[in-house]
Amino acid sequence: MLFWSAGGAVSLFLLILTLTLGVDLLSHQGRLRITEAELPEFREFVAGISVPQLSNDGTTGGVSLTETGLLPTVWTSRNKPWGSMIERPWRTWSALQSNNGALAGVSLLLLLIGGLRVLSYSQLKLAATTFAASPVGQLRSAIHRQALRLGTSHVDGPRESEATKLFLQGVAAIDRNLSNWARNSVHDILAAVLFLMIALIADWKLTLECLFPAFAACWIMRYAAIQARAKRELVIAQTESNLRVLAEGLESSRLIRGYGMEKFEQDRFDHHLNRYQADLQRADVGETLSLRLSRLLAVFCLTVVLFLIGSRVLSVTSPLPLGRGWLIFLSLVGLVTVSVSAIRTMKIRQSIIYEVDRVYRYLATIPEVGQAVGAKFLEPLSESIRFESVDYRTQGKHLLQGIDLTIAAGTRTAIVSHSIEEARALVYLLPRFIEPTSGKILFDNQDTNDGTLESLRAEAIFVSGSDPFLTGTILENLTCGQSEYSSHDAVEAAKLTHVHKFVSSLPNKYDTMLGEHGETLEPGVAFRLHLARAALRSPALLIIEEPQAPLDADSKALIDDTYQRLSADRTLLFLPRRMSTLRFCQQVIYLQEGKVNAIGPQAELVKQHEGYRHWEYIHFSPLSRRLI
């Protein structure tokens, strides 16, 4: 990457020198006047070179030449540091010793150097992208591992996690900024040094005189742009309050009509609308005036630069060749441009540091759930699940308080609560997606904290109607890429959950792609596939959160029969969304304010417990919007 950075900077340097040669050629048009005093030196200088016949100028005893190509430039630069760079090609290639040949040579050189510049910059961009790819890939892998390590503790339902934001946005910003930083940092420094060196060699006094107005123009433009953007953002923030006032009437139509306030509201609306429009217009006018004034000042500074260079070009005593003046001007413009780019690159570096710090803070997060040293393999649940004085707090919420509860193995139980977070917290504790703040949970009198996470989660599987499909085939989603499950096993699980017939009707059957770029399934079909994935693993405990989306009658019937099949020799826990599921369960656990408020069959609770009856009315009354 350093090589291509140097190549890009040097090609830019050569491009400016070649452009200067072209300007110099067009300005002197191959004409050269030699004074009488210079004539001996000139004859010695061009010895062995075919030059046009010398002709007396008829005034001072000197001579004049025409159609000499680059000879005027070579002659005036003979004592300059860069003189030899021009003299050698001129002596080597005779084509440069005529006007047309010199013009063709300069044009060809511009083409070659331009091609080198394009090649260098494209290779530099590719090298910068490659440079950024490795650390960015490592960060994404680390975030992925940490996300799997931390698991989920969002009992309020699926949401975009911090890991997703960092993976998609934070690391993408690092990738983009790191690539830009790698591409520009070295290149800008080298280019700035070369531009300054060219200008100083051409005429160091004039360059120093021009530096201040050149950078002043740059600073004025940049400062004005920053100020204009800041003022614009401030005005937008102020006008948002006016927009909120304008929107009040949209939410208050009942109040306005009920109190006959239509005329008052219309007058109030018109007043704030006019004020809002006036504020926007004032902001636009102020921004425009500010930018115009800054541009005028910048033009003035650049005019000063051109005046300083032009005064030297037109000087009578010691005139500066037009080509050299053009060289100084281009070098200063290039120096200012890469300096601005370097400032932006420094800010990019600060942005990279900020985003990397965010990622590393996430990677340093300690998982809420960990496996104890010496953890033992947990046997499949066969007797009971027992909660002993279990509390759970998260983000300032006390979701579970002193839960003492026993659920017999092989039973069907529904967990309900006015707060879905409480019900989720209770079932999330079983596969240890979250840890209790205090208390313990026992499977067959064995503390789940003492068992391995692998053995626990193999026997306690959670299925949700909102679970996503990973991008892959139906077969891959069922087997999760685990070789111990064959395609035959997956088909049998699909048959168990009444989804095999649907899959077989698809053109690619079990090879049908799912996920973001695959098939979109109906909620009932998707839920039965989730159940098939769980059934394939034959867990002793199956926790089912039913989908919120409405289901058609066929899906409901198929799901009910699936539950009946899955209940054989297995413990089922439900977070129910349907009345039929409540009636299918042998008992319902009603949570209120984090405590077990009632336990019993649905038919008994609806008659005997007012709190549960109220919950059921809210969720399943014919007037309820949540009827499914």
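This is a short walk through some features of the structure shown above, from its surface patch and its empty spaces to its salt bridges and a few individual residues. Please keep in mind throughout that the model is predicted.

Let me begin on the surface, where Leu196, Leu200, Trp204 and Leu208 form a nonpolar patch whose accessible area, taken together, is about 360 Å². To place one of its members, Leu196 lies in helix H6, which covers residues 162-251, and this leucine is partly exposed, with a relative accessible area of 31%.

From the surface I turn to the empty spaces. Rolling a probe the size of a water molecule over the atoms shows where empty space is left. The second largest pocket has a volume of about 800 Å³, and 35 residues line this pocket, with Leu17, Leu21, Met85, Ile86 and Leu109 lying nearest its centre. Which helices supply at least two residues each to the lining of the second largest pocket? They include helix H1 (2-28), helix H3 (71-76) and helix H4 (83-92), and to these we can add helix H5 (99-150), H6 and helix H9 (322-363). H6 is therefore a name to remember, since it supplies residues to this lining and is also where Leu196 of the surface patch is placed, at 31% relative accessible area. As for the character of the lining of the second largest pocket, its residues divide into 26 nonpolar, seven polar and two charged.

The cavities are another matter, and here the count comes to three of 30 Å³ or more. The largest cavity has a volume of about 40 Å³, and among the residues that line this cavity are Leu429, Arg432, Glu435, Pro436 and Lys440, with Ile441, Asp447, Thr448 and Asn449 also taking part in the lining. The lining of the largest cavity divides into three nonpolar, two polar and four charged residues.

Next come the salt bridges, of which the count is 14, and I will go through three of them with some care. In one of them the side chains of Glu355 and Arg358 meet, at 3.0 Å from N to O. These two residues are three apart in helix H9, so about one helical turn separates Glu355 from Arg358. Are the two partners buried or partly exposed? Glu355 is buried, with a relative accessible area of 11%, whereas Arg358 is partly exposed, with a relative accessible area of 25%.

Another salt bridge brings together the side chains of Glu388 and Arg386, at 2.9 Å from N to O. Here Glu388 counts as partly exposed at 24% relative accessibility, and Arg386 is likewise partly exposed, with a relative accessible area of 22%.

In a further case the side chains of Glu492 and Lys495 meet in a salt bridge of 3.8 Å, again N to O. Glu492 and Lys495 are three residues apart in helix H13, residues 487-496, and therefore about one helical turn separates them. Glu492 counts as partly exposed at 37% relative accessibility, and Lys495 counts as partly exposed at 40%. Elsewhere, salt bridges that share partners join Arg424, Glu545 and Arg577 into one network.

Arg424 leads us to helix H10, residues 420-428, in which eight of the nine residues are buried, so that the helix is largely enclosed by the rest of the structure. The buried residues of H10 include Glu421, Glu422, Ala423 and Arg424, and they also include Ala425, Leu426, Val427 and Tyr428. Arg424 is thus both a buried residue of H10 and a member of the salt-bridge network with Glu545 and Arg577.

I will finish with two pairs of residues, comparing their separation in sequence with their separation in space. Gly465 sits in the loop between strand S9 (460-464) and strand S10 (472-473), and at 24% relative accessibility Gly465 counts as partly exposed. How many residues apart in sequence are Gly465 and Gly524? They are 59 residues apart in sequence, and their C-alpha atoms are 8.6 Å apart in space. The other pair starts from Val606, found in helix H18, residues 602-608, where Val606 counts as partly exposed at 22% relative accessibility. Val606 and Tyr617 are 11 residues apart in sequence, with a distance of 9.4 Å in space from C-alpha to C-alpha.

How values were computed
Residues numbered from 1 in each chain as written. Predicted model: local features only at pLDDT ≥ 70, side-chain atom pairs only at ≥ 80, totals over all residues. Heavy atoms only, no water. Patch = residues over 30% accessible without salt bridge, like charges linked within 9 Å, V, L, I, M, F, W, Y side chains within 5 Å. Areas by Shrake-Rupley, 256 points an atom, 1.4 Å probe, with all protein chains shown as cover. Salt bridge = Lys/Arg side-chain N within 4 Å of Asp/Glu carboxyl O. Helix = DSSP H or I, 4+ residues; strand = E, 2+ residues; numbered from the N terminus. Buried < 20%, exposed > 50% of the residue type's maximum accessible area, 1.4 Å probe, protein only. 1 Å grid on protein atoms, 1.4 Å probe; cavity = no way out; pocket = protein on both sides within 12 Å on 5 of 7 lines; lining within 4 Å. Points joined across faces, edges and corners; volume = space filled by probe spheres on them. Nonpolar A, V, L, I, M, F, W, Y, C, P; charged D, E, K, R; others polar.
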